[in-house]
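Got the viewer open? Here is a short walk through the fold, one selection at a time.

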Amino acid sequence: MAIQYLALTTLIVLYSLMFIGGYISAAGLGLTCPEWPLCPNGVMPSEEYLIEWIHRTIAATTGVLVISTMVASLINKNSDIKIKITSSLATALVITQITLGALVIDTKLHAVLVAIHLGIGIWLFAMVLLTVIFAFRISKISLKSTV
């Protein structure tokens, strides 16, 4: 049962990341924290960098959750190939997203990279959503086999 809630938590945190990322982009705050991975002043930035720092912290949390979900799907004996594929793709995409995020900051919000970052984010969301759906199917299959 833990994989279902891990996958669902991952989806919720990822959605939060996309929400705050959209806000940062729309509000023109993408370069408020001009260094990567940390903002000026280190781990705990000053107030002027807070929103971008929150975005990066949620991104790191999302990365850990996506990778954890993949590991859980790979070691779960009831996992079928679909959840293993979607969670593995999500892991590759989250690593790509973090790399792109760094490049977006490095290139001072190059428009093409920002657009690619958004597109990969949507693809990542789709893979995590499918992982959640497949995880809850594991639950149904497990329940049927115990009855």
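Before you click on anything: helices here are DSSP runs (H or I) of at least four residues, numbered from the N terminus. Also keep in mind that you are looking at a predicted model.

**Stop 1: helices 1 and 2.** Select residues 2–26, which make up helix 1, together with helix 2, residues 50–75. Their axes come within 9 Å and cross at roughly 155 degrees. Because angles over 145 degrees count as roughly antiparallel, helix 1 is roughly antiparallel to helix 2. Turn the view until one helix lies over the other, and you will be looking at a left-handed crossing. What sort of residues make up the contact of helix 1 with helix 2? By class, there are 16 nonpolar, 9 polar and 1 charged.

**Stop 2: helices 2 and 3.** Keep helix 2 selected and add helix 3, residues 81–106. The axes of helix 2 and helix 3 cross at roughly 155 degrees and come within 8 Å. That makes this pair roughly antiparallel too, and the crossing of helix 2 and helix 3 is left-handed. Now show side chains for the contact: on helix 2, pick residues including Glu52, Arg56, Ala59, Val66, Ile67 and Met70. On helix 3, the contact residues include Ile83, Lys84, Ser87, Val94, Ile98 and Ile105. Colour the whole contact of helix 2 with helix 3 by class and you should get 10 nonpolar, 7 polar and 3 charged residues.

**Stop 3: helix 3 end to end.** Hide the other helices and put a distance line between the end C-alpha atoms of helix 3; they are 37 Å apart. How does that fit with the 26 residues of helix 3? At 1.5 Å a residue they should span 38 Å, so the two values agree.

**Stop 4: the loop after helix 3.** Follow the chain on from helix 3 and select lysine 108. Lysine 108 sits in the loop between helix 3 and helix 4, the latter being residues 111–146. Check its backbone: phi is positive, about 60 degrees, although lysine 108 is not a glycine. Is lysine 108 buried or exposed? Its relative accessibility is 53%, so lysine 108 counts as exposed.

Now click on leucine 109, which is in the loop between helix 3 and helix 4. Leucine 109 is another residue other than glycine with a positive phi, near 65 degrees. With a relative accessibility of 35%, leucine 109 counts as partly exposed.

Note on methods
Residues are numbered from 1 along each chain as its sequence is written. This is a predicted model: local features need pLDDT of at least 70, side-chain atom pairs count only at pLDDT 80 or more; totals for chains, interfaces and linings use all residues. Side-chain values use heavy atoms; hydrogens and water are left out. Helices (H or I, at least four residues) and strands (E, at least two) are DSSP runs, numbered from the N terminus. Buried means under 20% relative accessible area, exposed over 50%, partly exposed in between (1.4 Å probe, protein chains only). Axes are lines fitted to C-alpha atoms, for helices over the stretch in contact, and angles run from 0 to 180 degrees between N-to-C directions. Angles under 35 degrees count as roughly parallel, over 145 as roughly antiparallel, 65 to 115 as roughly perpendicular and the rest as oblique. A crossing is left-handed if the near helix is turned anticlockwise from the far one by less than a right angle, and right-handed if clockwise. Contact means heavy atoms within 4.5 Å. Ala, Val, Leu, Ile, Met, Phe, Trp, Tyr, Cys and Pro count as nonpolar, Asp, Glu, Lys and Arg as charged, and the others, Gly among them, as polar. The expected span of a helix is 1.5 Å times one less than its number of residues.
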